[in-house]
Amino acid sequence: MTTEAERDPNAGLLERLSNAYGPTGFEGPVRAIVREELATVADSLETDGVGSLIARLDGSAERPRIMLAAHMDELGLLVRRITSEGYLKFQPLGGWLDQSLINQRWVVLTRNGPVPGVTGIKTVHVMTPEDRGKVFKRDDIFIDVGARDREDAEQRLGIRPGDAIAPDSRFEAMAGGDLYLGKAWDDRAGVAVMVRVLQALREAGHPNTVYGVATVQEEVGLRGAQTSAWEVDPDVGISLESGVAADYPGITEDEAQERLGEGPGLFLHDSSMLPNNRLRDVVVDLARELDIPLQFNVLAGYGQDGSAIQRTRAGTPTVNITVPTRYLHSHNGVIHRDDVARAIRLVTELTRRLDAAAVQGLRRFD
Ligand SMILES: [Zn+2]
């Protein structure tokens with residue numbers, strides 16, 4: 001019998017990252033995992049003023065500086081107030097669909113530890129036929145933590161306004177171990193790729209200085225990428241993200257183009273960024289040379305940390321490389337282990353090719 005770790009050396013890391021609670025602004029448990037993974041690898045490990053973790057890896061030259069960024073935060077909620085009956089009303093953190101909020105398990109992250117809860121709705125038995133077809137609006141949704149009243153929620157359970165609330169969903173291997181089901185692949189898949197790339201580069205060496213940055217608060221406006229990019233002052237930016245898979249019923253090839261198991265994705269357009277064209281071509285040519293399948297995505301919406309890196313200071317050549325993901329921004333997403341492994345290999349090699357001459361070429365505009 002083969003264990004998951006024998007089948008896939010990345011499985012254990014992906015499982016830990018997916019299970020960790022890290023809503024936007026409350027990324028501590030994820031930061032602890034990244035810090036632990038990179039403690040013996042990085043030449044320095046520090047945080048910026050909002051909590052992004054910056055790992056520096058010295059190579060054979062001080063410049064160029066290559067910034068690899070993946071965000072630690074996941075979609076969550078924030079306690080707005082506790083009703084006199086002891087139910088929690090909340091402020092969403094990030095782009096939730098109202099339908100994804102109902103009938104789910106949650107964990108309130110209090111100073112006394114995690115408190116389980118559920119977003120209940122009125123039972124179907126008492127609904128009118130009209131009620132049964134309607135979408136429940138977020139303002140009507142509440143979290144039931146089993147408190148008797150407000151005082152019980154505050155005193156016994158330790159819940160306070162401003163406490164973060166995370167989706168409760170556990171990692172599980174699917175389809176004989178090829179696929180991984182779990183929460184927060186956006187962007188723990190990217191965080192895992194960043195960690196593994198830095199570990200590989202420590203072994204392999206690189207003709208530059210690499211900054212592996214685990215950013216905070218991406219889901220509310222790329223805030224940690226903005227501050228950390230200013231601190232790093234990069235010559236090249238590589239955003240590592242979860243891509244939008246479109247290989248299931250109800251989503252079309254015109255909406256998104258990635259498919260699970262067909263390789264990492266390269267974004268050609270999203271509403272926050274156009275890639276540097278020369279860097280884009282370097283990625284495409286390298287994937288072909290390494291025989292790594294590469295997919296493209298042209299999305300009308302979406303936003304990612306790369307755009308904050310691209311626009312830092314006087315501008316930085318940047319691309320967004322992705323792990324295709326189904327069902328983003330919900331309690332349960334699905335990724336393919338081969339896409340993660342291939343993204344690690346592609347980004348490791350890409351970073352090893354980015355010496356002073358190569359980066360000079362990227363910054364030439366005719
Ligand atoms: Zn993301």
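Axes are taken here as lines fitted to C-alpha atoms, for helices over the stretch in contact, and the angle between two of them runs from 0 to 180 degrees between N-to-C directions. The model is a predicted one, and the helix packing described below was computed from it.

Helix α11 spans residues 337-353 and contains 17 residues. The distance from its first C-alpha to its last is 25 Å, close to the 24 Å expected at 1.5 Å a residue. The buried residues of α11 include the charged residues R337, D339, R342 and R352. Also buried in α11 are V340, A343, I344, L346, V347, L350 and T351.

Helix α7, residues 185-204, packs against α11 at an angle of about 50 degrees, and the two axes are 9 Å apart. Because angles from 35 up to 65 degrees fall outside the parallel and perpendicular classes, α7 is oblique to α11. The crossing of these two helices is right-handed. On the α7 side, the contact is formed by A189, A192, V193, R196, V197, A200, L201 and A204. The α11 side contributes V340, A343, I344, V347, T348, T351 and R352. By class, the residues of this contact comprise 11 nonpolar, two polar and two charged. Several of the α11 residues in the contact, among them V340, A343, I344 and V347, also belong to the buried set of that helix.

Helix α7 also packs with α2, which covers residues 11-19. The axes of α2 and α7 come within 9 Å and cross at roughly 140 degrees, so α2 is likewise oblique to α7. This crossing, too, is right-handed. Helix α2 takes part through L13, L14, L17 and S18, and α7 through W185, R188, V191, A192 and V195. The contact of α2 with α7 has seven nonpolar residues, one polar and one charged. Residue A192 of α7 appears both in the contact with α2 and in the contact with α11.

A further link to α11 involves V283, which lies in helix α9, residues 277-290. V283 counts as buried because it has 20 C-beta neighbours inside 10 Å, and 20 or more are required for that class. With neighbours within four places in sequence left aside, V283 is in contact with L266, V319, I321 and L350. Of these, L350 is one of the buried residues of α11. Q155 is 128 residues from V283 along the chain, and the C-alpha atoms of the two are separated by 55 Å.

Note on methods. Residues are numbered from 1 along each chain as its sequence is written. This is a predicted model: local features need pLDDT of at least 70, side-chain atom pairs count only at pLDDT 80 or more; totals for chains, interfaces and linings use all residues. Helices (H or I, at least four residues) and strands (E, at least two) are DSSP runs, numbered from the N terminus. The expected span of a helix is 1.5 Å times one less than its number of residues. A residue is buried if 20 or more other C-beta atoms lie within 10 Å of its own, exposed if 12 or fewer, and partly exposed in between; C-beta atoms are placed from the backbone. Angles under 35 degrees count as roughly parallel, over 145 as roughly antiparallel, 65 to 115 as roughly perpendicular and the rest as oblique. A crossing is left-handed if the near helix is turned anticlockwise from the far one by less than a right angle, and right-handed if clockwise. Two residues are in contact if their C-beta atoms, placed from the backbone, lie within 7 Å.
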